[in-house]
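Me: Could you take me through one part of this model with care, starting with what surrounds any enclosed space and then moving on to how the neighbouring elements pack? I would like the terms explained as they come up.

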Amino acid sequence: MRSELFFTTSPWFILLCLLVGVLYAYLLYKPEPSWSKQLNIFLAVLRGTLVSIICFLLLSPLVRSTETSVDKAKIVLAVDNSQSTAQQGQPTLGALNEVRQKLAEQGYEVSVQTLDQAAAEVALDSIKFNQKTTDLSALLNNVRSNYEGRNLTDVILLSDGIVNQGVSPAYGNYPFKVHTVAIGDTVPKRDVQIRNVTANRVAYMGNQFPVQTDIVATGFAGRSTTVSLRQGGRTIATQNVVIDKNDFFKSVTFNTSSTQKGVQHYTVEVGGISGEFSTRNNRREVYIDVIDGREKILLLALAPHPDIKALRSIIEQNENYELDVRALSAANNLNEILEKPYDLVILHQLPDAGGVGNEYVRRLMQKNTPIFFILGNQSAPAATSTLSRTVQIAGNPGQIDKVTGRFNNSFQLLNLDASGLDLLERLPPLSVPFGEYRLVPGSEVVLYQRVGSVATTKPLLALNTAGDRKVAILAGEGLWQWRQEEFSITEKQVIVDELFRKVIQLLSVKEDKRKFRVYPVSAEFDAGETVAFQTEIYNDIYEKIYGQEVRLDITDESGKAQTYTYTHSAENPRFEISGLGEGVYRFKATANMRGGQQEVSGQFVVRDIEIEALNTTADFGLLRELAQRTGGEFVQPNTLETLVQMMTANRPPDRLESSEEMVELVHLKWLFFLLLLLATTEWGLRKYSGSY
């Protein structure tokens, strides 16, 4: 380290500092002392030095420190320790360790990193080839991040080139050379495997749903096997597969159904053939969430109308909805609709001016079901205003106005494309009741009325989500014309459909008002991954509270239960469980609260996909391309010595790094202790000699 002193003032002030110190000491020790003359001179020197240094520090001198260090050339041994490399990777570690020792003797700093050790130093003899996925791009990116700004010149990558996660490493940009050591067998194995399984994540109870599996076979032309679909240990379907060529591929589809609600566990398995390389890839697990039913929507209309068909088309785009369309003018018994549980009721031109449907509306309003009012020429605006609690309309019955829609840009409850909704101003006008419109407090406007070219503040589409019941109102009829005109302009029916689909979704979605909630942070976890549960507990005014003891019971598919207890805290609102095997798990959480014992239940899935078993053919082409793109060498374990010789002959120089720091002299700690020593020594001698 080298240090230099700089002055922010003229160096001549140093003489002034010395003069002040001498003058101060002379005046202090000029009287005839009671101690010896030699001691008096020594004390004067101490005081003069102390005062001079303090005065010098007042000049704010600066110290520049320059430190130079040597950053040796570094090499990282990156080891692909996935399961596919276990057979040839473990024996190669010995040769790799010799390479490490030889490079270290040449002055290199050599470290080891693996797929599961992103930042920590790894010992070669402790590497286990047990990783279930291979992401070489992530491995090299971690090396780049860990050695950013350091003198990393080369990376030696031991791998079979099989990548089953992330992007190809050949397309990455790395500031170092990547030398690839290829292991594994590039000759395709004689094998039969399930390459992929496709199935719906959600199905409805009682409905048929497909499970499609892709079968791949290599080297078994003329042989046959069976593909089976099993549930709970019971085979529910089987198909024969005849392998007609050495490179064989076929998709097999099973159509099945379930009468049980919840996540159902299915197994697709292909029968083994004598002589195949591995049977680990002969089966795949499938998990399908079977739900009890769709959300039920009632569309009750005064009479048939083109808007009814338009609304049906919009609602039925969502498979989670079950639509029941009824008209009061039809000669059928409507009393049954009053007994059915609906998630949303849409009333078209009800209540009506003639009072035909008043009784049905009154009885429907007795429930807390969300309501969507759509007005028309036969509606009773005054009665609708009373029931809707959203918009108050004062006008003469029978008088209508023609308006278009204008989107309210300040509306934030739904994620809508404001620029796309400008199209509404170009669509045909709706027929709305003429009169004065007043927005009820708590309501929000989605669309305003636009009369000709005049933009008004009268609501056309508004909703109120506060209180026990969510309510929306569209103050006009003619929705069918909007959809037709949009298709005429854009050849699509997207803007209008999305607007009303999201409004209907907002109204029909059920709000979770439970005060005790426990749920897994994900519906699915990988085998070996920690399963985390989030806990939320609220008081009567829905403020989060903590300190409650929670009991968590987890049951696997065989009925074996495990019980855990934990205390809910603000510092750690999650409870984590590790070591769960593959399968469907059901959980039940309970806690004692002021209102008694609260309980919540649910389910989650732990998957164990044998990704490493799906592809066992080494990809040396990828390793060659990676080495070529980065300026490295492609070698195999038996030619590692040539790589060591090349790196020894072309060893890059070490890098000198300098760091410079400029600080005020007063910030140096040793200076404080020097001043303290001068002052303490002077004071101690004076006191010892009988003075202060």
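Reply: By class, the lining of the largest cavity in this predicted model has 3 nonpolar, 1 polar and 2 charged residues (Ala, Val, Leu, Ile, Met, Phe, Trp, Tyr, Cys and Pro count as nonpolar, Asp, Glu, Lys and Arg as charged, the others, Gly among them, as polar). The residues that line this cavity are K340, Y342, V345, L364, K367 and T369, and its volume, the space filled by probe spheres set on its joined grid points, is about 30 Å³. The structure holds 1 cavity of 30 Å³ or more, a cavity being a set of points on a 1 Å grid over the protein atoms alone where a 1.4 Å probe fits but cannot get out, with lining residues having an atom within 4 Å of a point.

Turning to packing, helix α5 spans residues 306–315, and its buried residues are D307, I308, A310, L311, I314 and I315 (buried means under 20% relative accessible area with a 1.4 Å probe, protein chains only; helices are DSSP runs of H or I, at least four residues, and strands runs of E, at least two). Seen down the axis of α5, these buried residues fall within an arc of 165 degrees, so they line one face of the helix, the arc being that of the directions from the axis to the C-beta atoms. The elements covering the buried residues of α5 include strands β15 (295–301), β16 (321–327), β17 (344–348) and β18 (371–374), as well as helices α8 (479–490) and α9 (495–508), where contact means heavy atoms within 4.5 Å.

Helix α9 also contains S508, which counts as buried because its relative accessibility is 2%. Leaving aside residues up to four places away in sequence, S508 touches E295, Y321, D343 and L344.

Residues are numbered from 1 along each chain as its sequence is written, and side-chain values use heavy atoms, leaving out hydrogens and water. Local features need pLDDT of at least 70 and side-chain atom pairs count only at pLDDT 80 or more, while totals for chains, interfaces and linings use all residues.

Notes. Buried < 20%, exposed > 50% of the residue type's maximum accessible area, 1.4 Å probe, protein only. 1 Å grid on protein atoms, 1.4 Å probe; cavity = no way out; pocket = protein on both sides within 12 Å on 5 of 7 lines; lining within 4 Å.
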